[in-house]
Amino acid sequence: MKTTAPPATAVASFADVSKAYGRVRAVDGLTLDLHPGETVALLGPNGAGKSSTLDLLLGLRTPDSGRISVFGKSPQAAIAAGHVGAMLQSGGLMEGVRVREIVGLACDLHPKPYPVDEVMDRAGIAQIADRMVDKLSGGQEQRVRFALATAGAADLIVLDEPTTGMDVTARQAFWSTMREQAGQGRAVLFATHYLEEADAIADRVLVLHKGRLLADGTAAEIKAKAGARRIAFDLECEIDEAALRGLPFLASLSLSGTTVRIQSHDADATVHALYGLGCYPRNLEVSGLGLEQAFVAITEAEEARTS
Amino acid sequence: MNTLIKLEITRTLRNKKFMFFSVVYPAGLFLVIAGPQGDSVVSGTGGLTMGAFYMVAMASFGALTAVLMGNSERIAKEREKGWVRQLRLTALPGRGYVLAKIASAAVVSLPSIIVVFLVAVAIKHVHLAAWQWLALTGVIWAGSLCFAALGVAIGYLANGDAVRPITMIIYFGLSILGGLWLPTTSYPQWLQDITTWLPTHAYAGLGQAIELGGAPHGRDVAIIVGYFLVFAAGAAWLYRKDTRKA
């Protein structure tokens, strides 16, 4: 995990951007900057505004208010200049042509193209170059989309749920390619619902909920923000539930048989107080929350706060 | 942009069903309709023989098929599948997609015109001066732009399932009422009054005037240019509306 000091120039920035569809506020006062070389994961439950955020960033939609700039330009101008490569879930492919032809088209349209064979190699589609686009499997289609997104030297790569439909090997190959890209100083922004991907790959995680940015930090910071560490132990003596509930910094507590599970905002203090209860805990384990639990905790807390 | 046009043409040539309907079908229809008829003059046309009348009608019909059917259905489907969206993430200018569609349709419409001419010369022995052949080809080809614009407009107006029936109704309606399948002089007078205002009637009129040795009538030219402007403006408006909602 590397911590990057924000460089002076932002790859892309959102300044108080809002977008509503009818009464639904898809994006609500979003402000954020993306920096060169960053790999950023965009997380959020369905309907959190992930796709809308990406659409706004790519200029496929225009915001109701606020300003978006990409490399100091409008999103449309940045795309026309070849600064941005994007892979959308909703992006279809041209039918009735071969894989090599559609990749060739993407290279031809890019202001700073890579050679077609290199692009196909990197996307792992060299063996299916002569296949018709309409006859591909879901995973193969996804790799062709990836080839279209990386047809030229873009400085920002935007990926919406890029590994959907890929098997484990393909997914690993995909991310190793992506890491190479980020290593060359490109910014990568990806939306995903695989939290382990965000945890393993992103330098920075953005949590969106109802169009608002709930958390922005490294995966470790997000986990810390969710509050919590898990404490689990067995009690062999009579369990005094009231005393347990009186422990400091408790976020939640559950009992099953003789096993006690606690989530605590300050595990050290909670454990210290536990020993003071006079009942000796056995098999004590203290562990951090996974990103997934942290994510659930953060969005649930927000639900509770707003409802 | 050139690669996109080339690719659009390649895939159209690969689509055998489409090539059949736009190239072979009009020539076949010409044989079926005009073939058994003698060299009688078609009334109300100023002296055109059956062969000459149907040659222009079917060449116009073939060009109409190529540009209208190809564009409307392709565009509607590609909008639905997200290919149009994908293209907007490239450096291709927004109009590039539509221009490539029209350009490739124009390339395919040319053989459908020429095949009808060849069949007419070989089987019905239609004789025209060299300038007339060139003018006919040019006029029918250029006139097809009007319907290419209509095809684009329909493609942005209708969605996946609706686009085929809508295109079919417009396509057959314009072809039959405009007199591409049979002379409008056989229609009742009230219908004839309406048909003279249709773009297909003016379209066939362009070619017939040349066959009779003159220049196309100003009225026909004005009608077809007028429709072209209306269709192109409609297509541009629908395209922009579609872009806004991505």
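In strand β12 of chain A, Gln263(A) is the bridge partner of Ser252(A). This pairing is a place to start reading the model, which is a predicted one. Ser252(A) lies in a stretch of chain A, residues 250–256, that forms strand β11, and β11(A) pairs with β12(A) in the antiparallel sense over 6 bridges. The two strands form a hairpin with 2 residues between them. In the turn, Gly257(A) has a positive phi of about 65°.

Gln263(A) also has a partner in another strand: Arg230(A) stands opposite Gln263(A). The strand in question is β10(A), residues 229–235, which is joined to β12(A), residues 259–264, by 6 bridges. These two strands run antiparallel. Strand β12(A) therefore pairs with β10(A) and with β11(A), since two strands pair if at least two bridges are found between them.

Another hairpin of chain A is made by β8(A) and β9(A), with 2 residues between the strands. Here Lys210(A) takes a positive phi near 50°. Strand β8(A) covers residues 204–209 and strand β9(A) covers residues 212–217; 5 bridges join them, and they run antiparallel. Within this pair, Leu206(A) faces Asp216(A) of β9(A).

Now turn to a helix of chain A. Helix α3(A) spans residues 99–109 and is mostly covered, with 8 of its 11 residues buried. Those buried residues are Val99(A), Ile102(A), Val103(A), Gly104(A), Leu105(A), Ala106(A), Cys107(A) and Leu109(A). What do the buried residues of α3(A) pack against? Part of the answer lies in chain A itself, in helices α4 (116–123) and α5 (138–149). The rest lies in chain B, in α1 (2–14) and α4 (83–87).

This leads to the interface of the two chains. Here 23 residues of chain B are in contact with 28 residues of chain A. Between them the chains bury about 2,300 Å², of which 57% is on carbon and sulfur atoms. Trp83(B), Arg85(B) and Leu89(B) supply 29% of the area that chain B buries against chain A, more than any other three residues.

Charged and polar groups also meet across the interface. The count of residue pairs in polar contact between chain B and chain A is 8, and 3 salt bridges are found. One salt bridge links Arg14(B) with Glu101(A), whose closest N and O atoms are 2.8 Å apart. Which elements of chain B give two or more residues to the side that touches chain A? They are α1(B), α4(B) and α10(B), the last of these covering residues 218–245. The largest share, 7 residues, comes from α1(B).

The remaining features of chain B come from a record. An unreviewed UniProt entry lists residues 40–237 of chain B as "domain: ABC-2 type transporter transmembrane". In the model this span is 78% helix and 0% strand, and its end C-alpha atoms lie 47 Å apart. Under "transmembrane region", UniProt lists several stretches of chain B in an unreviewed entry, including residues 165–182 and 221–239. Residues 165–182 of chain B are 72% helix and 0% strand, with end C-alpha atoms 23 Å apart. Residues 221–239 of chain B are 100% helix and 0% strand, and the end C-alpha atoms of this stretch are 26 Å apart.

Methods
Residues are numbered from 1 along each chain as its sequence is written. Chains are lettered from A and ligands numbered from 1 in the order in which they are written. This is a predicted model: local features need pLDDT of at least 70, side-chain atom pairs count only at pLDDT 80 or more; totals for chains, interfaces and linings use all residues. Side-chain values use heavy atoms; hydrogens and water are left out. UniProt positions are given in the numbering used here, feature names are shortened, and annotations may be inferred rather than shown by experiment. Helices (H or I, at least four residues) and strands (E, at least two) are DSSP runs, numbered from the N terminus. Buried means under 20% relative accessible area, exposed over 50%, partly exposed in between (1.4 Å probe, protein chains only). Contact means heavy atoms within 4.5 Å. Buried area is the accessible area (1.4 Å probe) that two parts lose on being put together, summed over both. A salt bridge is a side-chain nitrogen of Lys or Arg within 4 Å of a carboxyl oxygen of Asp or Glu. A polar contact is a pair of N or O atoms within 3.5 Å; within protein, one must be able to donate a hydrogen and the other to accept it, and residues adjacent in sequence count only if both atoms are side-chain atoms.
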